Amino acid sequence: PGEGPVAIEMAGLVEFTDAATLELDLGGTIRGVEYDWLDSAGDVALDGTLRIEQIDLGDGIFEPEFGDAFDVITADGELTGEFDFVDAVNLDPILRYDVLYDYDADIVTLVVDTLFDADFDIDGDVDGDDFLAWQDGFGIDEGATQFDGDAEEDGDVDGNDFLIWQGQFGSESGGGANAAV
């Protein structure tokens, strides 16, 4: 939308084609002030590339944390489609952005997540320490988080979460700007 974070309000159809790139700046957690926000009074059709860059608003490059969420697109009309590719610049290599498309509420939200679902201690690898976190949380049947060993994000810690840990065991962050996307 421009240099630095802005709130852009659009009327009518907003359409991103497969050749389009939407570049969003994130410098903090306040929508439209510290990060870009596109608000459409009409429909929004998504395709192409979403490029996300953490920027410096005066205190150094913004470093989002695990669990941070950013509503970056809202529509009063209908939201359709998805971005084909997500490119993140300056993101910690042990993290990734999950792009959540809520077609009922017509909102696109970025959520900062770990690179590996079974990285329960959020340190960039899946190892024995993560197994111990799963083991400590095993049997929680509601309200569990990733820190408890819930790799599926379904609120419990069970054998399915262990199988995800087992499948990801030995994985390590490779680093680089796109490794976490």
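1. Let us start with the aromatic rings. This is a predicted model, and in it the count of aromatic pairs comes to twelve. A pair of this kind is described by the distance between the ring centres and the angle between the ring planes. Take F131 and W165 as an example: the ring centres are 5.2 Å apart and the planes stand at 50°, so this pair is tilted.

2. Where do F131 and W165 lie? F131 belongs to helix α1 (residues 128-137) and W165 to helix α2 (residues 159-168), so their pair ties together parts that are 34 residues apart in sequence. How do the two residues stand in terms of cover, buried or partly exposed? F131 has 23% relative accessibility and counts as partly exposed, while W165, at 11%, counts as buried. The dividing value here is 20% relative accessible area, under which a residue is called buried.

3. The pair also has company. Ring pairs link F131 and W165 with W134, F138, F162 and F169 into a cluster. When you look at the two helices in the viewer, these six names are a good set to highlight.

4. Another ring worth a visit is that of W37. The residue lying over its face is R31, at 4.1 Å from the ring centre.

5. Now for the chain as a whole. The protein chain has two helices and eleven strands. In what order do the elements run from the N terminus on? The order is β-β-β-β-β-β-β-β-β-β-β-α-α, with the strands followed by the helices. Along its principal axes, the C-alpha trace spans about 50 × 35 × 30 Å.

6. A few totals help to round out that picture. Of the 181 residues in the protein chain, 44% are buried. The accessible surface comes to about 8900 Å², and carbon and sulfur atoms account for 46% of it. Looking at contacts between residues at least 6 apart in sequence, 67% join residues at least 24 apart.

7. On to the sheets. Strands of a sheet pair through backbone hydrogen bonds, in either a parallel or an antiparallel way. One open sheet here is made of three strands in the order β3-β6-β9, and its pairing is parallel. At the edges are β3 (21-26) and β9 (85-89), each of which pairs on one side only. On average, neighbouring strands of this sheet are turned by 15° against each other, direction ignored.

8. Let us zoom in on one pairing in that sheet. How many bridges join β3 and β6? There are six bridges between β3 and strand β6 (residues 49-54), and the two pair in the parallel sense. To see one of the matches, find L22, whose bridge partner in β6 is L50.

9. A further open sheet of three strands has the order β2-β5-β8, again with parallel pairing. Its edge strands are β2 (14-15) and β8 (79-81), and each pairs on one side only. Strand β5 (residues 44-46) runs parallel to β8, joined to it by three bridges. In this pairing, A45 stands opposite T80 of β8.

10. D113 makes a good stop for anyone interested in contacts. It is found in strand β11 (residues 107-114). Is D113 buried or exposed? With a relative accessible area of 4%, D113 is buried. Which residues is D113 in contact with, leaving aside its neighbours within four places in sequence? They are F66, I94, L95, R96, D98, Q146 and E153.

11. Two residues deserve a look at their backbone angles. Most residues other than glycine have a negative phi. N90 has a phi near 70°, a positive value in a residue other than glycine. N90 sits in the loop between β9 and β10 (95-102) and counts as partly exposed at 40% relative accessibility. D106 likewise has a positive phi, of about 60°, although it is not a glycine. The place of D106 is the loop between β10 and β11, and at 13% relative accessibility D106 counts as buried.

12. Last, a look at strand β1 (residues 7-10), which holds I8. At 24% relative accessibility, I8 counts as partly exposed. How far apart are I8 and S171 in sequence and in space? The two are 163 residues apart in sequence and 40 Å apart in space, C-alpha to C-alpha.

Note on methods:
Residues are numbered from 1 along each chain as its sequence is written. This is a predicted model: local features need pLDDT of at least 70, side-chain atom pairs count only at pLDDT 80 or more; totals for chains, interfaces and linings use all residues. Side-chain values use heavy atoms; hydrogens and water are left out. Rings of Phe, Tyr and Trp (its six-membered ring) pair if their centres lie within 6.5 Å; planes under 30 degrees apart count as stacked, over 60 as edge-to-face and the rest as tilted. Helices (H or I, at least four residues) and strands (E, at least two) are DSSP runs, numbered from the N terminus. Buried means under 20% relative accessible area, exposed over 50%, partly exposed in between (1.4 Å probe, protein chains only). A charge sits over a ring if NZ of Lys or CZ of Arg is within 6 Å of the ring centre and within 35 degrees of the ring normal. Two strands pair if DSSP finds at least two bridges between them. Axes are lines fitted to C-alpha atoms, for helices over the stretch in contact, and angles run from 0 to 180 degrees between N-to-C directions. Contact means heavy atoms within 4.5 Å. Accessible areas come from the Shrake-Rupley method with a 1.4 Å probe; for residues, only the protein chains shown count as cover.
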